[in-house]
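This report describes selected parts of one structure, going from a strand to helices, a loop residue and a pocket. The sequence and the model are shown first.

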Amino acid sequence: MTRIGIILGSTRPNRNGAQVARWVLDAASARGDADYELIDLRDHPLPHFDESVPPMFGPSANAHTRAWAARVAPFDGFVIVTPEYNGGYPGVLKNALDHVFAEWNDKAVGFVSYGVNGGARAVVQLRAVCSTLGLADVGYQVGISVLTDFDNNTFTPTPPHTAALGKTLDQVLAWSAALAPLRAANTALVNS
């Protein structure tokens, strides 16, 4: 079965992302069309990018990077849940993306963002970075406003959020399936 990782891209205390990511995980898991799993960056503390060689040139000598690579490698696609901080996405998320390379290649990625403007500017930046890492970013995304979609710091998804998430997940699954032959060919090449 297809495996989709839901990456929670914020590690801040009192973050809104935990409840948004839980909503994504619960809604996705209820579909029964893939195995969905939450990947919380708090559980993977990586130092500021400390690789002596760019990750595209091979496995890391660092145990923390090898552990992170092993965590993300088995997934066929991802949904990144990200806040928008000052017009961009969190540095901790950029750091996690930068620590590995091959583990992202030929996989689909969708976005659920939140911020004053629904996190749209964070996603614009993430699309550029993800495509450079060989991730195929899907067109649909979910944008959540911290001004109107949270009541006393509690996120309450609306029908439009649920519909947008459904379309995003549909695309992530379809693209993950379409990219499967490329992932299989790369695996065969590495193992030959």
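## Strand β4 and its partner

In this predicted model, strand β4 is covered on both of its faces, with Lys 107, Val 109, Phe 111, Ser 113 and Gly 115 buried on one side and Ala 108, Gly 110, Val 112 and Tyr 114 buried on the other. In a regular strand the side chains alternate between the two faces of the sheet. Because nine of the nine residues of β4 (residues 107-115) are buried, the strand is largely enclosed by the rest of the structure.

Strands β3 and β4 run parallel and are joined by seven bridges. Within this pairing, Val 79 has Gly 110 of β4 as its bridge partner.

## Helix α3 and what covers it

Helix α3 spans residues 91-98, and its buried residues are Leu 93, Asn 95, Ala 96 and Leu 97. The elements that cover these buried residues include the strands β1 (3-8) and β3 (77-83), together with the helices α2 (63-72) and α4 (120-132).

## Val 72 in helix α2

Val 72, which lies in helix α2, has a relative accessibility of 0% and therefore counts as buried, the cut-off being under 20%. When residues up to four places away in sequence are not counted, Val 72 touches Phe 78, Val 100, Glu 103, Trp 104 and Lys 107; Lys 107 is also one of the buried residues of β4.

Val 72 and Thr 11 are separated by 61 residues in sequence, and their C-alpha atoms are 18 Å apart in space.

## Ser 60 in the loop before α2

Ser 60 is placed in the loop between β2 (35-40) and α2. Its relative accessibility is 12%, so Ser 60 also counts as buried, given the cut-off of under 20%.

The side chain of Ser 60 reaches the backbone nitrogen of Asn 62 at 2.8 Å. Leaving aside neighbours within four places in sequence, the residues in contact with Ser 60 are Glu 51, Thr 65 and Arg 66.

## The second largest pocket

The second largest pocket holds about 210 Å³ of space. It is lined by 16 residues, of which Arg 12, Asn 16, Pro 83, Tyr 85 and Tyr 114 are the closest to its centre. Tyr 114 also belongs to the buried residues of β4, while the lining as a whole comprises six nonpolar, six polar and four charged residues.

Methods: Residues are numbered from 1 along each chain as its sequence is written. This is a predicted model: local features need pLDDT of at least 70, side-chain atom pairs count only at pLDDT 80 or more; totals for chains, interfaces and linings use all residues. Side-chain values use heavy atoms; hydrogens and water are left out. Buried means under 20% relative accessible area, exposed over 50%, partly exposed in between (1.4 Å probe, protein chains only). Helices (H or I, at least four residues) and strands (E, at least two) are DSSP runs, numbered from the N terminus. Contact means heavy atoms within 4.5 Å. On a 1 Å grid over the protein atoms alone, a cavity is a set of points where a 1.4 Å probe fits but cannot get out, and a pocket is an open set with protein on both sides within 12 Å along at least five of seven lines; lining residues have an atom within 4 Å of a point. Grid points are joined across faces, edges and corners, and a volume is the space filled by probe spheres set on the points. Ala, Val, Leu, Ile, Met, Phe, Trp, Tyr, Cys and Pro count as nonpolar, Asp, Glu, Lys and Arg as charged, and the others, Gly among them, as polar. A polar contact is a pair of N or O atoms within 3.5 Å; within protein, one must be able to donate a hydrogen and the other to accept it, and residues adjacent in sequence count only if both atoms are side-chain atoms. Two strands pair if DSSP finds at least two bridges between them.
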